[in-house]
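Hi there,

Here is the structure I promised to pass on to you. Have a look at it first, and then read on for what I found.

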Amino acid sequence: MRFTRAEGRNLFALLATTKDGVRQDLVIEHLWPEQGEHGSQHLETGVRDINAALRSATGLSTGVKFVIKTGQCRHLASAFFDIDLWRFEQARLVANTALEEDTRVQALRQMVAIHEGPLLAERDDLWCLPLRQAAARKATNAVMRLAELEHKTDPDHALDLLTLAVDRIDPYSEVLWCRIMTIHGELGRLPAVRAAFQQLTERLREVDAEPSRQARQIYRGLAG
């Protein structure tokens, strides 16, 4: 699928972040904050571009609308899309509401599998940042919950999950690194505890930071 205009490309990226849609005023505020009354024109141009691009890609008739207006919101017509973030949020809902542990575990596993990297990693728009941070936070929480469940029967699998998370979700998360150190400590693997703390230190150095007092205390308590 190829958009012919920046308006269509930018609008599609924004609308893809939520199945529920985005209010028109917020769309304009996010994408064309300095355009004033011309913001609405950019919005309509974006809608036309999305519809044209998707009609061309799918071969559907000109009467099909891929961007729907409901009240004051614009949203993508869900019947035509299978978006990772939407499936991630649905799995999160199941993980938070399911009564059966097996169902919760499967939902958490789905969340971890879907989150393969930063949300909208190729974009540097300011509106992306809080959404990217929120997605990473939710994915981190999912890993922590799943690791705790797996830790009961298979601590090495829990370590695999946590290691995957610091590689793919948040390399600077002290919560994840401290949990890795703790499990290694419980298993009597002091060299692994020291290696994990060293990796945390090196990662934080990349962003001109250093381990917090709490992280250092956990490390000293485990490593002696």
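How many bridges join β2 to strand β3, and which way do the two strands run? There are four bridges, and β2 and β3 (residues 73-76) run antiparallel. One pair you can look up is Lys69, whose bridge partner in β3 is Arg74. Before going further, please keep in mind that this is a predicted model.

Now for the whole sheet. It is open and has three strands, in the order β1-β3-β2, with antiparallel pairing. The edges are taken by β1 (22-23) and β2 (67-70); each has a single partner strand, so one side of each has no neighbour in the sheet. As a reminder, strands of a sheet pair through backbone hydrogen bonds. Helix α1 (residues 6-15) lies across β1, β2 and β3, and runs at about 90° to β3.

Next, please find helix α2 (residues 24-31). Its residues Gln24, Val27, Ile28 and Leu31 are buried. These residues cover an arc of only 95° around the axis, so they sit on the same side of α2. It helps to recall that an α-helix has 3.6 residues a turn, so residues three or four places apart point the same way. Among the elements that cover the buried residues of α2 are α1, β1, α3 (39-58), β2 and β3.

Val27 turns up again in the largest nonpolar core, which has 67 residues. Along with Leu11, Leu76, Phe81, Val143 and Leu162, Val27 is among those that touch the most other members. Helix α6 gives the largest share of this core, with nine residues. If you zoom in on Leu162, you will see that it touches residues including Val143, Met144, Leu176 and Ile183.

Is His115 buried or exposed? With a relative accessibility of 7%, His115 counts as buried, because the cut-off is under 20%. His115 lies in the loop between α5 (101-114) and α6 (128-151), and its contacts include Phe88, Ala135, Arg168 and Ile169.

Finally, the cysteines. How many disulfides are there? The count comes to zero. Take Cys128: its closest cysteine sulfur, in Cys73, is 19 Å away, which is too far for a bond, because the two sulfur atoms would have to be within 2.5 Å. Cys128 is buried, with a relative accessible area of 1%, and Cys178 also counts as buried, at 10% relative accessibility.

Enjoy exploring, and write back with any questions!

Best wishes

Note on methods:
Residues numbered from 1 in each chain as written. Predicted model: local features only at pLDDT ≥ 70, side-chain atom pairs only at ≥ 80, totals over all residues. Heavy atoms only, no water. Pairing = 2+ DSSP bridges. Contact = heavy atoms within 4.5 Å. Axes fitted to C-alpha atoms, helices over the stretch in contact; angles between N-to-C directions. Buried < 20%, exposed > 50% of the residue type's maximum accessible area, 1.4 Å probe, protein only. Arc of directions from axis to C-beta. Core = buried A, V, L, I, M, F, W, Y, C linked by side-chain atoms within 4.5 Å.
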